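Hi,

Here is the structure I promised to pass on. Have a look at it first, and then read my notes below.

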Amino acid sequence: MASHLPIVQFEDKIMKTVEDNAVVVIIGETGSGKSTQLSQMLHRRGYTKSGIIAVTQPRRVAAVSVARRVAQELGVTLGEEVGYAIRFEDRTSDLTRIKYLTDGVLLRESLSNPELNQYSVIILDEAHERSLNTDILLGLVKRLVKMRASKLKVLITSATLDGEKVSEFFSDCPVLNVPGKLYPVEILYSEERPKSYIESSLRTAMDIHVREPEGDVLIFMTGQDDIDKLVSKLEDRVQSLEEGSCMDAIILPLHGSLPPELQVRVFSPPPPNCRRFIVATNIAETSLTVDGVVYVIDSGYVKQRQYNPSTGMYSLDIIQISKVQANQRAGRAGRTRPGKCYRLYSSEVYQEEFLDVTVPEIQRSSLAGSVLYLKSLDLPDIDILKFDFLDPPSFESLEDALKQLYLIDAIDDTGLITSVGQTMAELPLEPSLSRTLMEANENGCLSQALTVVAMLSAETTLLAGQSKSNEKKRKHPPPDLPDGSGWGDHVQLLQIFEQWDQNEFDIGWCKDKGLQVRGMKFVKDVRRQLSQLMQKIAKGSLNVRTNERYKERQRDYKNLRKALCVGFANKLAERMVQHNGYRTIGFKPQLVQVHPSSTLKTDEDGMFPNYVVYHELIATSRPYMRNVCAVEMPWVNPILKKLEKLNIDKLSGGSGHSIREESETKVSSLPKKEEAVTGVPDDRESRIQAARDRFLARKGKK
DNA sequence: GATCTGGAT
């Protein structure tokens, strides 16, 4: 049984607090047992009599594995009393009383049942990770608690979350602390920042190997490139050690683009008298737990994606980690016995330069999808600019989202959701992709659009991750994939999937073509799911089918490109006169390049098409458009007209740029009724004010 | 002519 878990001793106290309060925050470190035990305690106390207990997880694997463990502990069959629901896989039944689910699934459920009244308790687990979905759920759940004051119980659980802050958000709800079950980890700081953290990691790793007793070493790097470099250097150094001078060593890279069969190597224990070095990205921070780690080397850096709402561009930057991340990394050394963490930075840097917590995703992402989602919920007083977020995104970012939604017809010029937008929100896709599907349904290329949209949903997993070393060897010619007929990457994606379909979804075919099998299977699942959802409104065939005749195929491609132009009206670029660079339209103009991996063809003069839509702007070494599709001037014109008419003040419900004007409308548009009913004090206004101040301060700096 | 931190519906 689970009686050894720290949380069990606190059962009475936790249950008493839950009884007395609608919302409780539970801070429990790794190993406290909160994920598996809380639901069982509530079950024992009868909370499953009036409804189901929902436990959200940020990751699919976690939802499945925790549900499995709880079913086992209760001695029931998984899928009966205890079940889980993740995308593509619902293992629940009428019997289910405890349901583990990803936060994305709960958000989807909330769309068709906004009051979530099948649940008596909602536990938001791992809230400290502050995923985009968790943050939206936090806001929605706060509303729900007000509406269902006496009935619904909410538990927010997390490892290191700033409990006070969440407690304030939920009207000063109680915070309970549960100790974890980690062994002590000794923290060793460097005196100064190394010039090269690869070299410094290498030195530290070799020191450990030569001097320290057995135990695996986990090294945190920022990306695949650095991992590969360090792995090969480590291999050289280990080989040059004198035979028998110390134990053997195995060096394993670990990152997301590694094929699964190579990823799982870290789960098999090392042979006796052998030390493993695992060189990993932040995948090993939370997603994958490697047993046997006793030493951690922490570079102090992470690669992080951030969105700039004024340019519409994502960038992938190497930045310093937060204190929370640093401690999470260190904790990886203390899972099985006392460990050591070597920080390649000084304690002053840690204290003074590192942020306390990681900037939540909601402040680093494009919000078009989230805003559309919230608008579609049709909550009575929902004003997007005033939605109650734990950490509100900037106004700039919300306005950007509104602008984009307007350009793709999801909201009208006053910011109200359109019927098109309503249908879009019901599809589990980014707004541009769902808009493309809707348009394709009108112009007779739904089947093709379904394929492209599914392929784009899989994105990175699609094309084989080519490492540089492979490229240099170049023993194999590049796999002969279709070329998109010159129209660009979307058409190529369509052709690839159609070929796979013609090859009866053969796994070997994928491997021959250098395609990631896992990614392609995912595409197939997504396409099936989308087909089901579109069934009700589909005007044409949903099946994959390639027209035999060249002319008909070209017509299909043209319709597809047209639909993409409508769906991606918010992601349009115009070629510069002199060269093959593009200027983005609809944002502060950016000079961007077609991504080198693109199949977009140039004409006989070596020039790219005048207009393209792109799936994503990303600044890595340079600003690139990833996945581009050629579009035609006549399709672009209506978008340009719409851009001219664009009035952001009107879009944001008259509460846009002018701050003074806004504070007036704010008071009059807020429904006072609800607050009067519940009597819950609301600190929303002050936090909105704080967000506005930050926004203004930033604007002032420019 | 030079590319990819990690999650999720």
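Of the atoms of DNA strand B that lie within 4 Å of the protein, 63% are sugar or phosphate atoms, and the rest belong to bases. Keep in mind that this is a predicted model.

On the protein side, 32 residues surround DNA strand B, and the closest are Gly256, Lys303, Thr620, Ser621 and Arg622. Sorted by type, the residues of this surface come out as nine nonpolar, 14 polar and nine charged. Helix α4 (103–112) and strand β14 (301–308) each supply at least two of them, with the largest share, three residues, coming from α4.

Some side chains are worth zooming in on. Asn282 has a side-chain N or O atom 3.2 Å from a base oxygen of DNA strand B. For Glu361, the partner at 3.2 Å from a side-chain N or O atom is a base nitrogen. His595 instead places a polar side-chain atom 3.3 Å from a sugar or linking oxygen of the strand.

Next, take a look at helix α18, residues 489–502. With 14 residues at 1.5 Å each, α18 should span 20 Å, and its end C-alpha atoms are indeed 20 Å apart. Is it enclosed or open? Eleven of its 14 residues are buried, so the rest of the structure largely encloses it. Among the buried ones are Leu493, Ile496, Phe497 and Trp500. The buried residues pack against helices α16, α19, α20 and α21, as well as strands β20 and β21. Just after α18, Glu504 takes a positive phi of about 50 degrees.

Cheers

Notes:
Residues are numbered from 1 along each chain as its sequence is written. Chains are lettered from A and ligands numbered from 1 in the order in which they are written. This is a predicted model: local features need pLDDT of at least 70, side-chain atom pairs count only at pLDDT 80 or more; totals for chains, interfaces and linings use all residues. Side-chain values use heavy atoms; hydrogens and water are left out. Helices (H or I, at least four residues) and strands (E, at least two) are DSSP runs, numbered from the N terminus. The expected span of a helix is 1.5 Å times one less than its number of residues. Buried means under 20% relative accessible area, exposed over 50%, partly exposed in between (1.4 Å probe, protein chains only). Contact means heavy atoms within 4.5 Å. A residue is near a molecule or strand if one of its heavy atoms lies within 4 Å of it. A polar contact is a pair of N or O atoms within 3.5 Å; within protein, one must be able to donate a hydrogen and the other to accept it, and residues adjacent in sequence count only if both atoms are side-chain atoms. Ala, Val, Leu, Ile, Met, Phe, Trp, Tyr, Cys and Pro count as nonpolar, Asp, Glu, Lys and Arg as charged, and the others, Gly among them, as polar.
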